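Visitor: Could you pick a single part of this model and take a close look at it with me? I'd like the cut-offs along with the numbers.

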Amino acid sequence: MLCVLVCIAAALLTVESNGNTQYFMRIKVRRQSDSGCDNCRVSAKVTSLANKQGHKRSINLGLLDKPSHNDFSTNEWEYFSKTNVDVGRIGCIEFTTQNDDLLRIDMVEIRSASHPLVRTMYNVHGTGLSTSHKKGGDQAGTLCTGY
């Protein structure tokens with residue numbers, strides 16, 4: 001039984017032969033009232049840390065949405081997994097929205113199958129996401145690690 005579980009876990013953490021990997025995100029919505037939204041139409045873009053030549057790679061993970069689920073509720077953790085090209089060690093994640101509701105993300109934990117060390121990123125400025133500047137938000141917000 002143990003061998004089966006270890007083998008399955010190892011298979012889940014393998015980079016695909018086409019250079020793709022699976023990304024796992026855990027996103028915490030702020031505790032403040034009216035910080036969450038449903039049908040937010042939030043997308044994510046992941047950027048790597050710079051390599052030895054100073055180059056970074058970015059990929060768009062697409063829309064973060066679980067059908068028939070109230071995503072991004074106030075003071076809740078949301079979990080998403082996406083498969084895309086492996087950027088290497090993750091340095092930043094950028095969120096964009098196409099909704100005028102205000103969404104405030106407190107923190108993100110992200111890892112990939114190829115780089116399983118969890119990277120934790122905080123929204124230290126309290127930036128909110130919204131297409132409406134009247135609600136105090138920006139259409140895009142970026143969270144990066146400290147190194």
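Guide: Here is a walk from the whole chain to one strand, its partners and two residues.

First, the ground rules. The model is predicted, so local features need pLDDT of at least 70 and side-chain atom pairs count only at pLDDT 80 or more, while totals for chains, interfaces and linings use all residues. Numbering starts from 1 along each chain as its sequence is written, and side-chain values use heavy atoms, with hydrogens and water left out.

Overall, the protein chain has one helix and ten strands, in the order α-β-β-β-β-β-β-β-β-β-β along the sequence. Those are DSSP runs numbered from the N terminus: H or I over at least four residues for a helix, E over at least two for a strand. Of the 147 residues, 39% count as buried, meaning under 20% relative accessible area with a 1.4 Å probe, protein chains only (exposed is over 50%, partly exposed in between). Contacts are heavy atoms within 4.5 Å; among those joining residues at least 6 apart in sequence, 72% link residues at least 24 apart.

Now the part I'd zoom in on: strand E2, residues 42-48. Five of its seven residues are buried, so E2 is largely enclosed by the rest of the structure. E2 pairs with E5 (residues 90-97), antiparallel, through seven bridges; to pair, two strands need at least two DSSP bridges between them. Look at Thr-47 and you'll find its bridge partner in E5 is Cys-92. E2 also pairs with E3 (residues 58-63), again antiparallel, with five bridges. There, Ser-43 has Leu-63 as its bridge partner. As background, side chains in a regular strand alternate between the two faces of the sheet.

Carry on from E3 and you reach the loop leading to strand E4 (77-85), where Asp-71 sits. Asp-71 counts as buried because its relative accessibility is 3%. C-alpha to C-alpha, Asp-71 lies 9.9 Å from Val-29, with their positions 42 residues apart in sequence.

E4 itself holds Asn-84. The Asn-84 side chain makes a polar contact with the backbone oxygen of Asn-60 at 2.8 Å. That term covers N or O pairs within 3.5 Å; within protein, one atom must be able to donate a hydrogen and the other to accept it, and residues adjacent in sequence count only if both atoms are side-chain atoms. Leaving out residues up to four places away in sequence, Asn-84 touches Asn-20, Thr-21, Tyr-23, Ile-59, Asn-60 and Leu-61.
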